[in-house]
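Visitor: I am new to reading protein models, and I would like to look closely at a single part. Could you take me to the place around the ligand and then show me what lies beyond it?

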Amino acid sequence: FYIKIYSQQMKKQTIKEILQDYKKVLHHDITVYGWVRTFRANRFIALNDGSTINNLQIVVDFENFDEEIISKISTASSLKIVGEVVESQGAGQAVEIVAKKIIILGDNFTEERDKTILQPKKHSLETLRDQAHLRFRTNLFGAVFRVRHAVSFAVHSFFNKNQFFYINTPVITGADAEGAGEMFGVTNFDLNNIPRDEQGDIDFAQDFFGKKTNLTVSGQLEGETAAMGLGRIYTFGPTFRAENSNTTRHLAEFWMVEPEVAFNNLEDNIDLAEDFLKYVIQYVLDNCKDDLDFLDKRFAEEQKGKAEKDRAKEGLIEKLQNVIAKRFKRVSYTEAIEILMNSKENKKGKFQYPVENWGTDLQSEHERFLVEKHFECPVVLFDYPKEIKAFYMKLNDDNKTVAAMDVLFPGIGEIIGGSEREARLDVLKQKMAEMHVDEHELWWYLDTRKFGSVPHAGFGLGLERLVLFVTGMTNIRDVIPFPRTPKNAEF
Ligand code: 4AD
Ligand code: MG
């Protein structure tokens, strides 16, 4: 009983709640908190608390307040306001608050503010990135990060509904799951005084873990061991790649969602990926209406300055609806190579990397050609040449391809990568030998193929690439709060 009263007294309403349930508070005095977006005519405050893109209008009869208080109300200052909820005279909002008491919570250091992105004018995305710690205060980044939250929530919701268990795999590991050598080492050595053995090599036996370790590039291998007991699992955590690719699609630290399912084959895996992506996109459409409307308008404005050939065919919301409506196109690598080799673009030398033979790795220009020009819908490519994919993928009967799958999205390229796994111990060992993956390091992984090995499959979704897609943003640095990219770890 005590707790109930206490929590009622403590309950603060967000602006989102007030605007949604305004009938409950109409003609009552309430307390609101927020930051000033604008203060017009010494009378109208647009107040925002981050709960929604919508501002709450506060009406201030300045005659009733100290001049000092009025002088402190300006863009970026923070306020606590007590006032009466009344029907709004203006268009665009149902209610507004007539202020009775105004408390300045945070002064606004105007001179300093004016050197930041908090000054009230339009800023470029680059400028906003340089002040990533302040960009949460803007409409755009408020919308992006609320949508990012919804995407993450929908990820958990999808897997929970489908009886998957959330497994946390280690961030520090001795394994290189992708065998690509793109790892950030972890050590507690004093870098000015690294112990060496007789041969002069670094003596990792003396390091904290007694061996060489790194930040994980993927939780897959540990995830597989969990799936071999729990059946359906997924991981969802930060992953790290020291690839020096300064593109709008790569981060050195990104969040990956990796389901792994016992008894699934490649086709089941593709079905799961398609259902999963559609569920998350539908969830965002259903639950992020105000933010999506804002992002949709922004998306349309971005199109205006573009040459016709670069312009998107559809609006943001329309694009999301269309992706859900159609079945993804499923195409083998071999078919895709034929389409690419015979394309006008290839023959006229339009690709930076011409497609000349079966076996070449696809570049993002090729992926985007298939998705945006040829099929005009999301595409799932499968059965890739074994040489260009990771060691753990199931070798197909042709001995040339593996049961890999990549999901390619318009405007993004690869959004998901996955495969059916090689469940046969002897074949797996042979592939590891061919690809120079150390068997002894992965003894625990090989164990899963010794005790009741089963067919299984899984994939990895790059969370930021999905957030790029649903928000219509174009640079991956703008959909993660604190981007980590080459030469950038400022915040
Ligand atoms: O294709 P990748 O490398 O696959 C794996 O890591 C597998 N172990 C996944 C699995 O089967 N469990 O990465 C998966 C996805 C990519 O499709 C891409 O969306 C994203 O992770 N990704 C990146 N996102 C941002 N920055 C990077 N540097 C990324 N590298 C991969
Ligand atoms: Mg990949």
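Guide: Happily; we will begin at the ligand and then walk outwards through some helices, strands and loops. Please keep in mind that this is a predicted model.

Let us start with the shell around ligand 1, which holds 22 residues. The ones that come nearest are Ser-218, Gln-220, Gly-417, Gly-460 and Gly-462. Several elements give two or more residues to this shell: strand S11 (253-262), strand S15 (413-420), strand S16 (456-462) and helix H17. The biggest giver is S15, with 5 residues. As for chemical character, the shell divides into 7 nonpolar, 8 polar and 7 charged residues.

Now follow one of those elements, helix H17, which spans residues 463-471. How many of its residues are buried? The count is 9 of 9, and the helix is mostly covered. You can pick them out one by one: Leu-463, Glu-464, Arg-465, Leu-466, Val-467, Leu-468, Phe-469, Val-470 and Thr-471 are the buried residues. Here is a handy rule for looking at helices: an α-helix has 3.6 residues a turn, so residues three or four places apart point the same way. After H17 comes Gly-472, which has a positive phi, near 75°.

Next, find strand S13, residues 379-385. Because 6 of its 7 residues are buried, S13 is largely enclosed by the rest of the structure. Two strands pair with it, and you can trace each in turn. Strand S12 (residues 329-332) pairs with S13 in the parallel sense, over 4 bridges. One place to see this is Ser-332, which stands opposite Phe-382 in S13. Strand S14 (residues 401-409) runs antiparallel to S13, and 6 bridges join the two. Here Val-380 has Val-407 in S14 as its bridge partner. While you look along strands, remember that in a regular strand the side chains alternate between the two faces of the sheet.

What does the record add? An unreviewed UniProt entry annotates residues 145-481 as "domain: Aminoacyl-transfer RNA synthetases class-II family profile". In the model, the end C-alpha atoms of residues 145-481 lie 8 Å apart, and this span is 37% helix and 19% strand.

Let us move on to another set of strands. S1-S2-S3-S5-S4 is the order of a closed barrel of 5 strands, with mixed pairing. Its neighbouring strands are turned by 55° against each other on average, direction ignored. Within the barrel, strand S2 (residues 44-48) and strand S3 (residues 56-59) pair in the antiparallel sense over 4 bridges. For one of these contacts, look at Phe-44, whose bridge partner in S3 is Val-59.

Finally, compare two loop residues with positive phi. Ala-76 lies in the loop between helix H4 (67-72) and strand S4 (78-87), and its phi is near 90°, a positive value in a residue other than glycine. His-436 is not a glycine either, and its phi is about 55°; you will find His-436 in the loop between helix H15 (425-434) and helix H16 (443-447). Is each of them buried or exposed? Ala-76 counts as buried because it has 21 C-beta neighbours inside 10 Å, where 20 or more are needed. His-436 has 8 such neighbours inside 10 Å, so it counts as exposed; the cut-off for that is 12 or fewer.

Methods: Residues numbered from 1 in each chain as written. Chains lettered and ligands numbered in written order. Predicted model: local features only at pLDDT ≥ 70, side-chain atom pairs only at ≥ 80, totals over all residues. Pairing = 2+ DSSP bridges. Axes fitted to C-alpha atoms, helices over the stretch in contact; angles between N-to-C directions. Near = placed C-beta within 6 Å. Nonpolar A, V, L, I, M, F, W, Y, C, P; charged D, E, K, R; others polar. UniProt positions renumbered as here; feature names shortened; annotations may be inferred.
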